[in-house]
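Here is a short report on one protein model. Keep the sequence and the 3D view open while reading.

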Amino acid sequence: MTIAIVTDSTSDLPANLALIHGINVVPAILIVNGQSHIDGQGFTREAFYQQLPAMKTPPTTATPSSGSFEETYRRLIEQGASHIISIHAPALLSGIFNAAVIAAKRFGKQITVIDSGSISLGIGFQAIIAAEAALRKQTVDEIMNLIGDLRRRTHLVAMLDTLEYIRRSGRVSWAQASLGTLLQIKPFLKVQEGKVLKLGEARTRRKGIERLYELLVKLGKLERLAILHTNAENDARQMMSEFVHLVKSQPLIVNVTTIIGAHVGPNGLGFVAIVE
């Protein structure tokens, strides 16, 4: 059996890793001033975050069409895939999962669509694990078990520079009622089973970074690690240097996709950690 792996661009998979692992990435859509941009085109991530605070109209995002998924699935099947595992952003946060499900129905039982329950490399690591298992010729059930085990060992935590962007996105109910915007605190959040949960706050960025370090230290030895940021590369590189010794494999540093960044704002910092 030949199993192909599909994900979407909210997985934040670096292009070289997607290529090496043979993972197919369907791009989401960024909308700026009424113009639609395929994720990764029109704006570099660096330029987007630099311009974001001055944008008069908040940028929004859109789901890839079910036709985009159907086209990808059909191409892979024509190329010889006997089954496709398609891993996506959670249905609670995005319409991407549902678009994939609609497309998958046209191919019967050849496609398994998974709600990752996570974002960024929380999805990306699931896709990598699945692709590695597919190369080892493991079965669909075996790959599903591996993904389930990985999810139980995944921790995604982030510190935002402001609550404003996530508040105005309207996707997180607790952000609507928070006084964080007025107090200029640094909110902490975690993503778990498709939900964005409040994890407290810090009064200053320095205190916030210290707390991120404390949370990561408590996890112990790590199998995989990705440091996430939204144009806070210096902080991300410093964080990686502090924790590289705890990880079996080389940690990743990712300037998060604009599709996520439009909702969290610039200068965010966080991590996706897979414990041993």
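The report covers a sheet, its helices, some salt bridges and one threonine.

## The sheet

The model is predicted. Its open sheet has six strands, in the order β10-β9-β8-β13-β11-β12. The pairing is mixed. Strands of a sheet pair through backbone hydrogen bonds, either parallel or antiparallel.

The edges are β10, residues 195-202, and β12, residues 252-255. Each of these two strands pairs on one side only. On average, neighbouring strands of this sheet are turned by 20° against each other, direction ignored.

At one edge, β10 pairs with β9, residues 186-192. The sense is antiparallel, and six bridges join the two strands. One pairing to look up is Leu189, whose bridge partner in β10 is Lys198.

## Helices on the sheet

Helix α5 spans residues 121-135 and packs on the sheet. It touches β11 (222-229), β12 and β13 (269-275). The directions of α5 and β11 make an angle of about 140°.

Helix α10, residues 205-218, lies across β8 (154-159), β9, β10, β11 and β13. Its run is at about 5° to β13.

α10 also meets a second helix, α11, residues 233-243. Their axes come within 12 Å and cross at roughly 30°. The crossing is right-handed. From α10, the contact uses Arg205, Ile209, Leu212, Tyr213, Leu216 and Val217. From α11, it uses Asp235, Gln238, Met239, Glu242 and Phe243. Seven of the contact residues are nonpolar, one is polar and three are charged.

## Salt bridges

How many salt bridges does the structure hold? The count is 13. Three of them are set out below, with the N to O distance and the separation in the chain.

| Pair | N to O distance | Separation |
|---|---|---|
| Glu70 and Arg106 | 2.2 Å | 36 residues |
| Glu223 and Arg153 | 3.1 Å | 70 residues |
| Arg205 and Asp161 | 3.4 Å | 44 residues |

Take Glu70 and Arg106. Glu70 sits in helix α3, residues 66-78, and Arg106 in the loop between α4 (96-104) and β7 (111-115). Is Glu70 buried or exposed? Glu70 has a relative accessible area of 16%, so it counts as buried. Arg106 is partly exposed, because its relative accessible area is 48%.

The Glu223 and Arg153 pair ties the sheet to a loop. Glu223 is in strand β11, while Arg153 is in the loop between α6 (140-152) and β8. Arg153 is buried, at 16% relative accessible area.

The Arg205 and Asp161 pair brings α10 back into view. Arg205 belongs to helix α10, and Asp161 to the loop between β8 and α7 (164-169). Arg205 is partly exposed, with a relative accessible area of 21%. This pair is part of a network of salt bridges that links Asp161, Lys186, Arg205 and Asp235. Two members of the network, Arg205 and Asp235, also appear in the contact of α10 with α11.

## A buried threonine

Thr257 lies in the loop between β12 and α12 (258-264). Why is Thr257 classed as buried? Its relative accessible area is 0%, and buried means under 20%, so Thr257 is buried.

Which residues does Thr257 contact, leaving aside its neighbours within four places in sequence? They are Ser9, Thr10, Asp12, Asp39, Arg45 and Tyr49.

Terms used
Residues are numbered from 1 along each chain as its sequence is written. This is a predicted model: local features need pLDDT of at least 70, side-chain atom pairs count only at pLDDT 80 or more; totals for chains, interfaces and linings use all residues. Side-chain values use heavy atoms; hydrogens and water are left out. Two strands pair if DSSP finds at least two bridges between them. Helices (H or I, at least four residues) and strands (E, at least two) are DSSP runs, numbered from the N terminus. Axes are lines fitted to C-alpha atoms, for helices over the stretch in contact, and angles run from 0 to 180 degrees between N-to-C directions. Contact means heavy atoms within 4.5 Å. A crossing is left-handed if the near helix is turned anticlockwise from the far one by less than a right angle, and right-handed if clockwise. Ala, Val, Leu, Ile, Met, Phe, Trp, Tyr, Cys and Pro count as nonpolar, Asp, Glu, Lys and Arg as charged, and the others, Gly among them, as polar. A salt bridge is a side-chain nitrogen of Lys or Arg within 4 Å of a carboxyl oxygen of Asp or Glu. Buried means under 20% relative accessible area, exposed over 50%, partly exposed in between (1.4 Å probe, protein chains only).
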